[in-house]
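Good morning, and thank you for coming. Please look at the sequence and the model on the screen before I begin.

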Amino acid sequence: MAGFVPAPEENQQIVPRNQRLRSLPSVDRVLNAPELSGLVGQYGAQACKLAAQGELARLRKALRDGDGDAEALVSGADFQDRLYAAVRRKLVAEFSASLKPVFNLSGTVVHTNLGRSALPAEAVEAMATAAGACNLEYDLEAGHRGDRDHHLEATLCELTGAEAATVVNNNAAAVLLVLNTLATGREVVISRGELVEIGGSFRMPEIMQSANCILRETGTTNRTHLRDYENAINKRTALLMKVHTSNYEVRGFTNSVSGQELSQLARENGLPFVHDLGSGTLVDLVRYGLPHEPTVNEVLAEGVDLVTFSGDKLLGGPQAGIIVGGRELVDRVRRNPLKRALRVDKISIAALREVLNLYKDPQRLSSRLPMLADLTRSAAEILALGERLLKPVAEAFGPAACVALTECKSQIGSGALPLERLESTALQLTPIAEKGGKDAALQRLAGRLRELPRPVIGRIRDGSLLLDLRCLRDEERFLAQLRESAPLA
Ligand SMILES: *Cc1c(COP(=O)(O)O)cnc(C)c1O
């Protein structure tokens, strides 16, 4: 700013503003202030310097822009204290965990935005154990290089009845890898009714393109017949594909071709047949009182050559994509150079192995696997939980919100069984509107719950915020947090 001479008519404003700018302390002075001693030891000199520079730059800009709040702050008697506090806050926020645990009371058990399946304690422990140096790709007996699939393949084969198995980063990667391995530059026949989109970015036609395959749609949206597949097969055909329409259902005048029929057609034409199962469950959920979802074993028994499915949907494990099927095809998939780019990490392998081991004891699975425990939690148990919580929660909210219990329906989520709903109970919070009307009050309330140390995520229905209690396990902590943070609305 040296040498800058303001135009005469601006003198009145700019001179005091410049004085304020000059009154800002230097970065070094801020860093050396006794009030901030300890920060450098905790966060390091570089981060502290950047935080102080950032805060001073923000103030300088605000002063130049004539921001009244900034002017008041700088001329206030407690300016230095407030500046130090801001620098400290900036550092604390920067270094605090960005991934926070939340209370998922959204009513969607496997919620993609909330990290899908909660992992069992055994898996969490195994993840920590694998964090250091480990035999990820090392054969301890032979003393030379091993294969990371080794940790999972035998168990996956045992549980699914497949000959071979391999695992990648997620199911989208599994589909991409299989298509690229078996059909690059050639045609993949798929029913028009199965060209799914999952969560915006996974769309079957685009995955085909990325895998360098040519999509050969056949049939119509609601009806596809065996003859449609027969007519679509030609000398450029590489494989037949079936995709589980996991997140929607085509109802009414419909027809699709069974896995058995397609397996047979594929065999007659010397083509592989691949089924993308999406959620992929390893046990018949009917056994736990849930709706039927095709299992990997059933699909393989139909004669499918390769099946792909997710690790963190109805399997209840970590993010992963699992490919099971015939030895020869799985080996080809493994040899694809893309496999290296899509491979799964040691932490996920450790967790997945523990989760798969739980499946070896299906009787106890619903109590040991959190995802299944939540899905099978009885309506009576959830209602009893609601009855226990009603009074203390109402007290925590005080007069600002009306708290009641209401019946609601939870959904499974992640596109699995999209039309099925599970009976549940929710705390229904209805704010007493003050400023800005009902909607604003409701948004404010939802926002307050998201700001809690362990954010509470509900869903809005008919002017109220519903907290579906199906997935609430840590009742004490939930209540303690509400009490400590009251009043909440
Ligand atoms: C969810 C899903 C995918 C993608 O799986 P991610 O594990 O989320 O990558 C692919 N296909 C189907 C049918 C799905 O349901």
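I shall speak about salt bridges and then about two backbone positions.

Please bear in mind that this is a predicted model. The structure holds 28 salt bridges, and I have chosen a few of them for today. As background, side chains of opposite charge can pair when their charged atoms come close.

Let us begin within a helix. Arg 58 pairs with Glu 55, with 2.7 Å between the closest N and O atoms. These two residues are about one helical turn from each other, because they sit three residues apart in helix H4. Arg 58 is partly exposed at 48% relative accessibility, whereas Glu 55 is buried at 6%.

The next pair is Glu 137 and Arg 148, whose side chains form a salt bridge at 2.7 Å, N to O. Both residues lie in loops, Glu 137 before strand S2 and Arg 148 before helix H8, so the bridge ties together parts 11 residues apart in sequence. Glu 137 is partly exposed at 23%, while Arg 148 is buried at 7%.

A third bridge joins Glu 194 to Lys 242 at 3.2 Å. It connects the loop between strands S5 and S6 with strand S9, and therefore links parts 48 residues apart in sequence. Both of these residues are buried.

There is also a network of salt bridges, which includes Asp 149, Arg 327 and Lys 339.

I turn now to the backbone. Most residues other than glycine have a negative phi. Asn 212, however, has a positive phi of about 65°, and Asp 462 one of about 45°. Asn 212 lies in the loop between helix H10 and strand S8, and Asp 462 in the loop between strands S16 and S17. Asn 212 is partly exposed at 46%; Asp 462 is exposed at 72%.

Technical notes:
Residues numbered from 1 in each chain as written. Predicted model: local features only at pLDDT ≥ 70, side-chain atom pairs only at ≥ 80, totals over all residues. Heavy atoms only, no water. Helix = DSSP H or I, 4+ residues; strand = E, 2+ residues; numbered from the N terminus. Buried < 20%, exposed > 50% of the residue type's maximum accessible area, 1.4 Å probe, protein only. Salt bridge = Lys/Arg side-chain N within 4 Å of Asp/Glu carboxyl O.
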